[in-house]
Amino acid sequence: MNIELTDVTRTFGRNKAVDGVSLAVGPGVFGLLGPNGAGKTSLLRMLATVLPPSSGTVRLLGRDPARPAARTEIRRRLGYLPQNLGYYPAFTVAEFVEYFALLKEMPAGQVPRAVAAAIERVDLGPKAKSRLRTLSGGMLRRVGIAQAIVNEPELLLFDEPTAGLDPEQRVGFRALIRDLGRQATVVVSTHLVEDVGAACSEVGLMAEGKVVFRGAPDELIAQGAGSELGDSALERGYSAVLAASRKRVAA
Amino acid sequence: MNGPDDIDLNRVWVNVAAEIWRRQPGRAERTAARLLRSPGLARALVTTPSLLLPWLIATTIVFAVGALTQLGAGQPLVWLIAPAVAAVGIAYAYGPGLDPAWELSCSMPVSDRLVLLTRAAAVLGVNAGLGLIASAATLGTHVSTGTVQLTIGWLLPMTAACALALAVAVAVRSAIAGAGAGAGAWIILVLAHGAAGGPAGAGSGLSAAALSSVVADANLYLPYLAVAACGAAIVAFATRPQRGLL
Amino acid sequence: MDDDELIASLAGGDDTALRELFARHAPWLAARLRKALPPDDVEDVLQETFLAVWRNAKTYRPRGTPAAWLWVIARNQAALLLRKRGPAAIALLDEGPLAADPAESAAVRADLATAAAAALGPPGCPDREVWRLMYEEDRPVAEVAELMGVPEGTVKSRAHRARRLLRAALGGAR
């Protein structure tokens, strides 16, 4: 189990962004769905060791991120693509990916090859020596994906990774995460239901800080049988589960 | 790419690309990597905005102009400008909120706090060094007031101004706010001290002696130290690990 | 862009041109090398070939023989690899898929000759003479020593220096 969360809560002032989440995730692709404000980003930040839980226990890759030495070890094996990445305009693609490869404390000898492999994997080979300020939004997103995968991480976290990617690139991204999910645990957080459907082995649905559904994509589809809300089977399941959870809260 | 079935042309290309895309670190970076025992920290250091060549050249010119003016007109200037210049440089050393890829930097094994500390120390060191060189070159003009104070006495206010600049920059997440706070506070202090006349008493006006007492006045040592300590504490708190992104 | 333009472009430092050249030529080079070498060796030779192309693109003169030029470089790299393995492996260079093709070699030698002229000095000076006799006319060391009236050791060290000068002029191989 690469992720073990036990009754994890995260509060900001009076707002409970994450409310008693317990989750155990092994290798494979885990899709984290939910509307904006459901707590997905806060959960992902806790997995990225950037945010500590307010209560509950977090174990990542078998280690406790509250302890500094273990946290550094986790971070060496982590790949993270935040929702708002930001970039250094004067850097080239290769320089940017290399910078974070070095900050991830990859052995210096392995860095050139890892950087080249990551850049080729996201299909940015022709742009390797181009400065980031000359790239489109979709390309910048792919640069972000490249830095996340450069150290061949065991735990990969993507927050809204397909923003700015055209349909063909999204297909490519799904193929990439399916491939990565063979060895690593890949968590993809998105509010675009179709994004994850085909690529995930498991999905979790968050609403108001709680995980209201967890299972295979087919099971989510089954939840939506008979519902009218949504253009695809997955969307119908998604809407049905959300509606049911809101009813529970109101009751 | 389609070659013979048992040849992986993609792997071959990646190996070629690795060689032609690789960056050869300069000597400064390699030395830093050895000293700091971290190639990542060294790379972060040499990409500090206020340590890049254009900035360094500008800083050197400012100090040179200050020294030459001092030599020419007898007006002490190096001690006056050093703290302000350093404060501006420190504010642009990058820290939380100033780093566009900040959220990502917070998840790195080489912690953002360590990067900031290393960069700030380097900027402070470089500015102090340049200031000392300019001071040494203008030793002859410090005849009237204590030589030691004017030559190195500005190191303490420089540290205080830098701590203030960094603390504001990190707390408000704006390099320009930090630069303004550090340089501005120093200028206000100098003018206020000069207007009060310093040890010669009120009314002696903005004479050179009055102004320069802001580095020579021993009563100010403790306040400078206090500002430096507070600034450092604020920075330490604002960069604590796992603070989230608030 | 045709191959000549690609090579000119990559001589100017354009890495995307090398990428395109690789996409066009690596497959058939791999197939041809595969007839004589095992897969791992083919990959190593291909890698060194395109790195050599990157470093030495300045010596290429457009004459419509880019494929031949590439093959000669690939063959040379294969030879370098095999020489490290010993005499038995070297035999692979005399016959079969890796044997030197006189026409191809002549074209490349002509290009090298022009580069040699610039790097080694005027005709008749020692480095140039050694280069001409040993590499352009393919004479063995003993014969060159006799023709030039110097000991074999001198011939070898002049050849070494000539290669070094040429390498430096062509942009530095590692």
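Which residue of strand 7 of chain A does Gly31(A) stand opposite? Gly31(A) faces Val188(A) in that strand, and the two residues belong to a pairing in which strand 3 (residues 28–33) and strand 7 (residues 185–190) of chain A run parallel and are joined by 6 bridges.

The model is predicted, so that local features need pLDDT of at least 70 and side-chain atom pairs count only at pLDDT 80 or more, while totals for chains, interfaces and linings use all residues. Residues are numbered from 1 along each chain as its sequence is written, and chains are lettered from A and ligands numbered from 1 in the order in which they are written. Helices (H or I, at least four residues) and strands (E, at least two) are DSSP runs, numbered from the N terminus, and two strands pair if DSSP finds at least two bridges between them.

## Sheet and hairpins of chain A

Strands 3 and 7 of chain A sit within an open sheet of 6 strands, ordered 5-6-7-3-8-9, with mixed pairing. At its edges lie strand 5 (78–81) and strand 9 (210–215) of chain A, each of which pairs on one side only. Neighbouring strands of this sheet are turned by 15 degrees against each other on average, direction ignored; axes here are lines fitted to C-alpha atoms, for helices over the stretch in contact, and angles run from 0 to 180 degrees between N-to-C directions. Strands of a sheet pair through backbone hydrogen bonds, either parallel or antiparallel.

Edge strand 9 of chain A is paired in the antiparallel sense with strand 8 of chain A over 5 bridges, and Gly204(A) has Arg214(A) of strand 9 as its bridge partner. These two strands form a hairpin with 2 residues between them, and Glu208(A) in the turn has a positive phi of about 50 degrees. Helix 9 (residues 233–250) of chain A lies across strand 3, strand 8 (202–207) and strand 9 of chain A, and runs at about 40 degrees to strand 8.

Strand 1 (residues 3–12) of chain A is joined by 7 bridges to strand 2 (residues 15–25) of chain A, the two running antiparallel, with Ile3(A) opposite Val25(A). They too form a hairpin with 2 residues between them, where Gly13(A) in the turn has a positive phi of about 65 degrees. Strand 1 of chain A also runs antiparallel to strand 4 (residues 55–60) of chain A, with 5 bridges joining them, and Thr6(A) has Thr57(A) as its bridge partner in strand 4.

## Domains of chain A

An automatic or database domain assignment supplies the domain bounds, and for chain A it gives domain 1 (3–77 + 156–250) and domain 2 (84–152). Their centres, taken over C-alpha atoms, are separated by 25 Å. The contact between them takes 11 residues from domain 1 and 10 residues from domain 2 of chain A, where contact requires C-beta atoms, placed from the backbone, within 7 Å. On the domain 1 side, helix 6 (residues 167–180) of chain A contributes the largest share, 4 residues.

## Helical chains and cores

Chains B and C are set out in the table, in which a residue is buried if 20 or more other C-beta atoms, placed from the backbone, lie within 10 Å of its own.

| Chain | Helices and strands | Residues and buried share |
|---|---|---|
| Chain B | 12 helices, 0 strands | 246 residues, 48% buried |
| Chain C | 9 helices, 0 strands | 174 residues, 29% buried |

Among contacts with a separation of 6 or more, residues 24 or more positions apart account for 69% in chain B and for 62% in chain C.

A nonpolar core is a set of buried Ala, Val, Leu, Ile, Met, Phe, Trp, Tyr and Cys residues joined through C-beta atoms within 7 Å. The largest has 179 residues, and Val97(A), Ala87(B) and Ala165(B) have the most contacts inside it. Helix 9 (residues 155–172) of chain B gives the most to this core, with 13 residues. Apart from it lies another core, of 9 residues, which includes Leu120(C), Leu133(C), Val144(C) and Ala162(C).

## Contact of chains A and B

The contact takes 36 residues from chain A and 23 residues from chain B. On the chain B side, helix 1 (9–21), helix 3 (39–46) and helix 6 (102–105) of chain B are the elements that give two or more residues, and helix 1 gives the most, with 5 residues.

Technical notes: Contact = placed C-beta atoms within 7 Å. Buried ≥ 20, exposed ≤ 12 C-beta atoms within 10 Å, placed from the backbone.
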